[in-house]
Amino acid sequence: MKLSFDAPVEVFRREFLDWLAANRPSEAEMAADPARSSAHLPDWSRRWARRQFDAGWLVPGWPPELGGRNAGPVEQLVYLEELTRAGVPRTTNPQGLGIIAPSLLDYGSPEQIERYALPILRGERAGCLGMSEPGAGSDLAALSTRAEQDGDRFVINGQKVWTSGANYADFCFLFCRTDPAAPKHRGISVLLVEMDQPGIRVQPLPEIVGRDHPDLNEVFFTDVSVPANQLVGKLNDGWTMANGSLAHERGMVWLGSVLGLQEAVARLVAEAPRWLARMGEIERAVSIDQIVRSYVDAQAARCLGHRGFAKLVKGGSAPEQALMKLMSSEARQRLALAAAELQGARGLDASAQAGPFTEWTPLEQYFVTFGGTISAGSSEIQRNIIAEKVLGLPR
Amino acid sequence: MDLELSEEQRELQVNVRRVLEDACPPALARAVHERGASGAALWEQMVALAWPGLAIDEAHGGLGLGAVELCLVAEELGRALAPGPFLATATQFVPLVQEAGDSPLARELLRRVAEGGLIGSVALAEGDRWDLAVIECSAERASHGFRLHGRKTAVFDGATAREIAVVARASEAGAGHLAVLLVPASAAKVQPRTLLDPTLALADLAFEDVAVPTDRVLIAPAPGTERAVERALEVATVALALATAGTCRRIFELTLAYVKERRQYGRPIGSFQALKHRLADIYLAVERATALGYYAALTLAEDDPRRAEAASLAKVEAGACQRLVAGDGLQLHGGIGFTWEHDLHLFLKRVKAGDPLLGSAAEHRARLARKLGLGST
């Protein structure tokens with residue numbers, strides 16, 4: 001056990017910070033042309049991705065030809081920590097960089113890597129993930145979007161929903177059913193589908209706050225025809241990738257969510273005194289306790305995350321990883337609620353102006369946090385996974 | 001930050017657990033509850049294994065290990081429901097003596113603990129509050145030392161300890177500063193407390209003008225003594241937090257095993273989602289408490305400036321954990337957990353002690369609030 005990192009890791013941190021200071025997009029640049037969805041690549045974002053890729057700072061753990069520098073896991077942690085602290089988004093197409101590109105590197109053909117994975121990494125193209133459907137949310141394997149093989153093509157019919165960034169994406173990493181007769185987990189395949197083609201209709205689905213800037217979409221497929229070589233991996237082997245995709249997602253997010261939680265607590269603590277000053281003695285004590293509980297949550301999340309990470313680095317298994325999404329998303333929600341309640345009736349005000357970079361009010365933020373507890377495996381599904389996979393309780 | 005145990009630490013944990021599985025089965029705690037059995041034999045075994053002097057320098061006869069190892073042993077003792085004066089001696093008395101610096105008295109005490117299994121304790125709380133600001137017990141300067149006067153409560157093993165380090169407030173010279181005076185237990189009026197969990201021993205002590213000669217002054221009153229006492233209290237707090245986390249983990253394991261084995265409606269009750277979700281939450285609480293406990297122990301071992309905050313975090317989390325785990329553990333055991341015959345109650349009664357002693361979760365949240373600058377608005 002050790003509180004600090006070894007000296008070479010600190011050298012690595014210094015090197016990255018120096019590079020970051022010289023190469024990061026400026027606040028002004030980002031504010032002038034904000035990303036409008038999770039698959040929108042403003043010019044600054046494209047240039048930023050390319051600079052990171054060329055310098056080996058995009059995915060430091062990967063080899064140089066994939067935008068990395070063969071860094072170890074601890075170095076990658078330090079890199080993510082500093083990038084998050086600097087307030088610079090690593091990418092404006094997180095599902096592309098975090099899920100689609102790594103899945104293609106694992107399962108895709110050399111041609112698919114050339115046409116899809118590398119352009120994502122270089123900030124040239126953005127992808128969306130076609131997973132959930134009206135009838136397949138938590139039970140993703142129940143998906144029914146159909147892809148029928150017709151000679152050397154697939155013909156796709158069906159509907160996706162909650163598809164982040166579909167309104168801006170260049171292509172979709174689409175999970176669809178290729179064998180309706182097989183058991184539900186065994187008849188699913190993944191196709192790469194260009195979004196700009198006949199038969200695809202994207203209907204934005206404005207969210208609970210920020211109606212004018214939707215990121216979620218419904219996507220309708222009507223007789224969409226794609227060449228058979230757009231199949232990723234083996235036919236009917238898509239479920240393996242679905243699990244892999246979510247694993248990529250989880251491996252990536254714990255640190256970000258912990259740092260986000262810590263930053264949110266710091267902001268709450270800084271802003272609290274002016275609201276507390278309006279309260280009576282007992283009400284104030286109760287409110288302070290809520291804030292401190294959130295502070296403890298953030299520290300617990302930090303320690304639990306680092307403990308799990310240290311176990312993985314030492315080559316062990318880390319059941320802590322399964323706890324992180326549940327814990328940090330619910331902690332974030334408790335915090336947002338405490339922040340909203342702290343403001344009393346003033347907390348009911350709407351944010352001054354709605355834009356893609358709006359500072360949400362605490363009450364709006366509270367509603368936004370449900371994105372964390374619902375998506376990518378709801379808290380209820382996380383508890384099932386922990387109970388069954390980690391604790392070994394019978395199904 | 002690396003919060004995973006090293007090879008050596010894991011080995012220590014495994015060895016301690018193995019010793020306690022033989023030497024301290026739940027039957028021992030039951031014998032204490034039912035027949036007034038004592039933990040004396042277990043303590044002798046701990047002394048033979050050099051556990052009391054685990055964190056004492058080798059130069060003074062100890063093993064020379066650090067706060068992390070000390071807290072790991074405390075965690076295992078909590079897990080095993082061990083009776084006896086380990087917490088009092090190794091996690092309270094020794095750290096306070098170590099804060100005294102390199103005096104002949106401190107050297108002698110450390111050697112007696114490490115080599116002879118001296119049982120020591122710390123008398124700090126007054127009115128069951130472990131808050132230095134409330135200390136009124138007075139140390140009045142006398143011709144050859146001090147005269148000690150006042151009442152202390154909830155002294156761990158206060159009825160069996162040979163030496164008590166009493167934290168008192170100097171009344172004249174160095175007025176207001178704290179002093180730590182070493183008093184033989186025989187000089188105090190001892191009132192043992194009758195606890196729901198007799199595997200723990202607490203006593204209230206009264207000192208009525210006890211003469212303490214100069215060579216028994218462990219820490220003389222001076223501007224730095226508050227911090228010295230706080231530092232020792234931080235070690236005690238983290239050790240108790242991890243002992244509580246250890247007991248919580250055992251309750252969690254018992255409960256998990258029970259819901260896998262108990263069948264109703266033709267299936268294990270652990271297959272019902274209502275129970276699964278509660279077990280997931282219990283597991284999360286135990287892992288949170290353990291992770292924050294290890295973090296706090298590490299700040300002590302590295303003498304990091306965050307140690308006071310970390311100790312409060314660990315105690316808050318241990319308190320929250322026992323609150324959930326004790327209640328849900330009992331509820332999920334159903335009727336059998338409600339009986340005297342089942343061992344569960346032994347663990348439940350112990351784990352409850354983990355909250356109020358050395359400051360409750362609520363009190364430590366208040367400390368955190370002050371550290372965050374929220375206390376004075």
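Okay, one term before we start: when I say two residues are in contact, I mean that their C-beta atoms, placed from the backbone, lie within 7 Å. And please keep in mind that this is a predicted model.

Let's begin in chain A, with helix H6, residues 110-121. Which residues of this helix are buried? They are A:Tyr116, A:Ala117, A:Ile120 and A:Leu121. Look down the axis of H6(A) and those buried residues fall within an arc of 130 degrees, so they line one face of the helix. That fits the usual helix geometry: with 3.6 residues a turn, residues three or four places apart point the same way. Over on the other side of H6(A), you'll find A:Glu111 and A:Glu114 exposed.

So what covers the buried residues of H6(A)? The cover includes two helices of chain A, H3 (43-55) and H5 (94-107), plus strands S1 (127-130), S4 (171-177) and S5 (188-194). One backbone detail while we're here: A:Gly123, just after H6(A), has a positive phi of about 75 degrees.

Now, how the chains meet. On the chain B side there are 38 residues in contact with 36 residues of chain A. Helices H7 (225-261), H8 (273-301), H9 (307-333) and H11 (361-371) of chain B each give two or more residues to that side. H8(B) gives the most, with 15 residues. If you sort the chain B side by class, you get 21 nonpolar, seven polar and 10 charged residues.

Staying with chain B, the domain assignment splits it into domain 1 (7-118), domain 2 (122-219) and domain 3 (225-371). The C-alpha centres of domains 1 and 2 of chain B are 22 Å apart, and 18 residues of domain 1 are in contact with 16 residues of domain 2. On the domain 1 side, helices H2 (26-35), H5 (86-99) and H6 (104-116) of chain B supply at least two residues each. The most comes from H5(B), with seven residues. By class, that domain 1 side has 15 nonpolar, two polar and one charged residues.

Last stop, a single residue: B:Glu76, in helix H4 (residues 67-80) of chain B. Buried or exposed? Buried, because B:Glu76 has 25 C-beta neighbours inside 10 Å, and the cut-off for buried is 20 or more. Leaving aside neighbours within four places in sequence, B:Glu76 is in contact with B:Gln13, B:Val16, B:Arg17, B:Leu20 and B:Gly246. And B:Ala245, 169 residues from B:Glu76 in sequence, is 9.4 Å from it in space, C-alpha to C-alpha.

Note on methods
Residues numbered from 1 in each chain as written. Chains lettered and ligands numbered in written order. Predicted model: local features only at pLDDT ≥ 70, side-chain atom pairs only at ≥ 80, totals over all residues. Buried ≥ 20, exposed ≤ 12 C-beta atoms within 10 Å, placed from the backbone. Helix = DSSP H or I, 4+ residues; strand = E, 2+ residues; numbered from the N terminus. Arc of directions from axis to C-beta. Nonpolar A, V, L, I, M, F, W, Y, C, P; charged D, E, K, R; others polar. Domains from an automatic or database assignment.
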